[in-house]
Amino acid sequence: MNVADSGLSLITEPGPGDRPFLQAVQSAQSSVDLVMYELSDPTFEQALVSAEKRGVPVRVLLNGGYYGGGSAANEAAYSYLKANGVPVRWSPSRFALTHQKTLVADDKTAYIMTLNLVDQDYSTSRDFAVADTNSQDVSAIEATFTADWNNQSIKPSDGVDLVWSPGALDSELSLINSVRHTLDIYNEEMDDSAVTSALQAAARRGADVKVVMTASSDWDSAFKKLTAAGVHVRTYEQDARLYIHAKMILVDGRRAFLGSQNFSAGSLDDNRELGIILSTGATIRSLEGTFAGDYAHATPFRTSRHRTTSKPKPSPAPQQTCSVSANWDGSYQDWNVYVQGPADVDATATADGHSYSYDTNSSGYADIYLYAPESAAGDTVTVTAGSATCTGTL
């Protein structure tokens, strides 16, 4: 998906993959500058070589590992580019990592990305990129690129709306602390205590705070604190068909941060990173829609999943019943299984050897997203909701 508004264009992944960035390199006439945490895309690498060979100056700055200790992930790309005449350098070792992901073409358009250029990730990773044509932003990004290219210190300019690391924590906390009504969060990590505290405080002030991430036991401690404060945390399993790699802070449906920064002290304080704050209507609406769909398909984080207890569960209320219907959702390639049954219980739908669970709400309703194939149409779907069991047809 590509949404344009006020000199900014939003790219949503999965979707076009590397095509927007390939096109930028292939159409470049005067310069191409790339900063990338991880580069493993032969087609894109070949485009860089072709641009250099047709006379377009290309510079590629690749992450060189933790404080310059080496990056096995980038060795192949570095060797290929160098062997084919593309100027390529390792990032400055004064940063813990260079996690920035940007492409600037012809000093006119800067692509600020949450994604790495890794071809195996394009079809499964939730990510975004912003094509920014604001001259102040592009100049700031290019000036910082040149300084990093020459391993010179610089205080990066924020342009109109840029957020740089090191030093991004205050900007992100300010954005989170400004929330009045709704706060939507994507991230890959939840490992900064100041961010966690700010999200807790926002929920306790009455804001509707939602977090969507890929599950990891590394973040469970933070998730427990967040849910205890009233934050709605939902996750995808590591082997789900969608991996949450994006980094987004969306405040009150009006302002959004997108960038490379994860919620960790290293990312915010020690790495070279770049993000941008947006307030354009079409972009915000697109982000809201994408987030709402991902949130709906994710599983609520439950602190109880790690507990063990010998106490018997309370007996369920007698004579619980449920009903079920279903329809195929071509947008997500799954079945929407609609359940009406007991309130506030686990509901599990099973059909064609596939099973998925979701909680019913206070009215006893749940919409369970069942990843059975479309060919399962006509099969029986069985739902257990608390002590109730019902069947229907896909």
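A disulfide is taken here as a pair of cysteine sulfur atoms within 2.5 Å. In this predicted model, that rule gives a count of one disulfide. The bond runs between C322 and C390, with an S to S distance of 2.1 Å, and the angle of -115° about the S-S bond makes the link left-handed. C322 belongs to the loop between β21 (299-300) and β22 (323-329), whereas C390 sits in strand β28 (residues 388-393), so the bond ties together parts that are 68 residues apart in sequence. Both C322 and C390 are buried.

Strand β10 (residues 125-132) offers a helpful next stop, with eight of its eight residues buried. In a regular strand, side chains alternate between the two faces of the sheet. In β10, S125, D127, A129 and A131 point one way, R126, F128, V130 and D132 point the other way, and all are buried. What are the pairing partners of β10? Strand β2 (residues 8-13) pairs with β10 in the antiparallel sense over six bridges, and L10 has V130 as its bridge partner there. Strand β8 (residues 109-113) is also antiparallel to β10, pairing over four bridges; here M113 is bridged to A129. With strand β16 (residues 243-244), in contrast, β10 pairs in the parallel sense over two bridges, and S125 is the bridge partner of Y243.

Strand β16 (residues 243-244) comes up again in the surroundings of T214. This threonine is placed in strand β14 (residues 208-214) and is buried, at a relative accessible area of 4%. Its side chain reaches the backbone nitrogen of I244 at 2.9 Å. Beyond residues up to four places away in sequence, T214 touches W219, T235, Y236, E237, Q238, L242, Y243 and I244.

Another buried side chain worth a look is W335, in strand β23 (residues 334-340). The relative accessibility of W335 is 4%, under the 20% limit, and therefore W335 counts as buried. Two backbone oxygens lie within reach of the W335 side chain: that of P373, 2.9 Å from a polar atom, and that of A372, at 3.5 Å. Contacts of W335 outside its neighbours within four places in sequence include W328, I368, Y369, L370 and L394. W335 and I368 are 33 residues apart in sequence, with their C-alpha atoms 7.9 Å apart in space.

Aromatic rings add further links, and the structure holds ten aromatic pairs. The ring centres of Y186 and F291 are 5.1 Å apart and the planes stand at 70°, so this pair is edge-to-face. Because Y186 lies in strand β12 (residues 182-186) and F291 in helix α9 (residues 281-297), the pair ties together parts that are 105 residues apart in sequence. Y186 is buried at 0% relative accessibility, and F291 is buried at 2%. F223 and F301 also form an edge-to-face pair, 5.3 Å centre to centre with 70° between the planes. This second pair links distant parts of the chain, with F223 in helix α7 (residues 220-228) and F301 in the loop between β21 and β22, 78 residues apart. Both F223 and F301 are buried.

Ring pairs also join F128, Y186, F291 and Y295 into a cluster, and F128 is one of the buried residues of β10. At Y295, K210 lies over the face of the ring, at 5.5 Å from the ring centre. Elsewhere, the charged end of R59 sits over the ring of W149, 5.8 Å from its centre.

Note on methods: Residues are numbered from 1 along each chain as its sequence is written. This is a predicted model: local features need pLDDT of at least 70, side-chain atom pairs count only at pLDDT 80 or more; totals for chains, interfaces and linings use all residues. Side-chain values use heavy atoms; hydrogens and water are left out. Buried means under 20% relative accessible area, exposed over 50%, partly exposed in between (1.4 Å probe, protein chains only). A polar contact is a pair of N or O atoms within 3.5 Å; within protein, one must be able to donate a hydrogen and the other to accept it, and residues adjacent in sequence count only if both atoms are side-chain atoms. Contact means heavy atoms within 4.5 Å. Two strands pair if DSSP finds at least two bridges between them. Rings of Phe, Tyr and Trp (its six-membered ring) pair if their centres lie within 6.5 Å; planes under 30 degrees apart count as stacked, over 60 as edge-to-face and the rest as tilted. A charge sits over a ring if NZ of Lys or CZ of Arg is within 6 Å of the ring centre and within 35 degrees of the ring normal.
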